[in-house]
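Me: I would like a close look at a single part of this model, taken slowly and set in the context of the whole chain.

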Amino acid sequence: MDTKDVGFENLCKDLGVANLNGWPLIESTVYFTDEGVRYLRSPGVILLSKPNTNIENIRGYLEGYGEDFLGYLDDDTRILTSGEALVKFAGQTCYCSFGPKRTFNNRVAEYLLNLKKSGHGSVFEHANYSFLLYGISRATTHEFIRHRAGFAYSQQSTRYVDELSLRFVERYEFQTDDTLHQKFIERINRAYKSYLELKEYLNEGDFSFLKVEEGPHAKTDRKKRINQLSRMCLPHELEAPIVVTGNLRAWRHFIEMRSHPSADIEIRRLAISIFACLKTIEPNFFSDYRILIFEDGHYSLTTDFKKV
Ligand SMILES: Cc1cc2nc3c(=O)[nH]c(=O)nc-3n(C[C@H](O)[C@H](O)[C@H](O)COP(=O)(O)OP(=O)(O)OC[C@H]3O[C@@H](n4cnc5c(N)ncnc54)[C@H](O)[C@@H]3O)c2cc1C
């Protein structure tokens, strides 16, 4: 399939990236079926946390090497993002590069490119970014959590949470055809109804497997037992909100693997959306990525420095 290069601004416009004072987000609308079942049609991506770096307190540490190194603190850090300040300082610690011959902050872009070129990716692990991700299916979060190194996850529980918070996700492909869309609507109405029916049946019955120990948690324990059975009739299309924290090296690897044309379209759209939010606040960390658009309208990314 043919590809074309796309500018970053066009990508952000297409995805609807908002940047509220350095906190990017992409919101996702909630829709309702005629029967009142909630569903979403695109990934919601909200940045919750990013590095907050202060290197002022290293004065005593630098002094221990002699007066020469104190000039390091005169270099204006306001021209760096907090993530850049952290990664650059960590990298310069490796070679004790604090003297007059060091790379100054106004050359941070070049410094970071050199890290990528030399594969010195461990330095990128210091910068962590947390996102709330929603409007994504349980199929996609199952693929996501296969990424182990450098990630932490907290996902909405289908044992604790009940029908009040059940929402579904309509895949992009189903949105492009009236019949597929209609079948999706029928499917989630049916799934929601089956869930309620199963819960009701379990609630009213006298099942030994639902008996729980008396005590302060008895009510919650019984509710969880009923929910864990009722959820079995829910499809992969169930929405699975998740908070993900990852370090910059892990995010880069995830984005490269999951924006690839061979990845599932849903996680691919998510990876591109996360990239757009991260690059909005950290352009230099992602300056090596080329954005491509395919004939089918989907995006992908490519870089000479894969898996740094
Ligand atoms: C297009 C596509 C199709 C896929 N199809 C399948 C499939 O059919 N079946 C399936 O099971 N999975 C499938 N996967 C998932 C894939 O196999 C990986 O599990 C997933 O992408 C996580 O990537 P990662 O292994 O690089 O791990 P990450 O956790 O992201 O780790 C990053 C890197 O750290 C290193 N690392 C992490 N953990 C270890 C470790 N324990 N030991 C040594 N090194 C480690 C590796 O170098 C690894 O690449 C697919 C992924 C993609 C992108």
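How many residues does the largest nonpolar core have, and which residues have the most contacts inside it?

Reply: In this predicted model, the largest nonpolar core has 50 residues, and those with the most contacts inside it are Ala271, Ile274, Phe275 and Cys277. Helix 9 (residues 265-281) gives the largest share of this core, contributing 9 residues, and the core also draws at least three residues from each of domain 1 (3-50 + 129-176 + 237-302) and domain 2 (56-126). To take one of the residues with the most contacts inside the core, Ile274 is in contact with Val45, Phe131 and Ile255, once its neighbours within four places in sequence are left aside.

Of these partners, Ile255 leads on to helix 8, since Ile255 is listed among the buried residues of that helix. Helix 8 (residues 248-258) is largely enclosed by the rest of the structure, because 10 of its 11 residues are buried. The buried set comprises Leu248, Arg249, Ala250, Trp251, Arg252, His253, Phe254, Ile255, Glu256 and Arg258, and these residues pack against helix 3 (82-94), strand 7 (128-134), strand 8 (151-155), strand 10 (242-247), helix 9 and strand 12 (299-302).

Helix 8 also bears on the ligand: His253 and Arg258, both buried residues of this helix, belong to the residues around the ligand, which are Arg146, His147, Arg148, Ala149, His253, Met257, Arg258, Ser262 and Ala263. Sorted by class, this shell has 3 nonpolar, 3 polar and 3 charged residues.

As for the setting of the core, the domain assignment divides the chain into domain 1 (3-50 + 129-176 + 237-302) and domain 2 (56-126), whose C-alpha centres lie 32 Å apart. The contact between them takes 11 residues from domain 1 and 12 residues from domain 2, and on the side of domain 1 that touches domain 2 the residues divide into 3 nonpolar, 4 polar and 4 charged.

Turning to the chain as a whole, its secondary structure comes to 9 helices and 12 strands, and its C-alpha atoms fill a box of roughly 80 × 55 × 30 Å, taken along the principal axes. Of its 308 residues, 28% count as buried, while among the contacts with a separation of 6 or more, residues 24 or more positions apart account for 76%.

How values were computed:
Residues numbered from 1 in each chain as written. Predicted model: local features only at pLDDT ≥ 70, side-chain atom pairs only at ≥ 80, totals over all residues. Core = buried A, V, L, I, M, F, W, Y, C linked by C-beta atoms within 7 Å. Buried ≥ 20, exposed ≤ 12 C-beta atoms within 10 Å, placed from the backbone. Helix = DSSP H or I, 4+ residues; strand = E, 2+ residues; numbered from the N terminus. Domains from an automatic or database assignment. Contact = placed C-beta atoms within 7 Å. Nonpolar A, V, L, I, M, F, W, Y, C, P; charged D, E, K, R; others polar. Near = placed C-beta within 6 Å.
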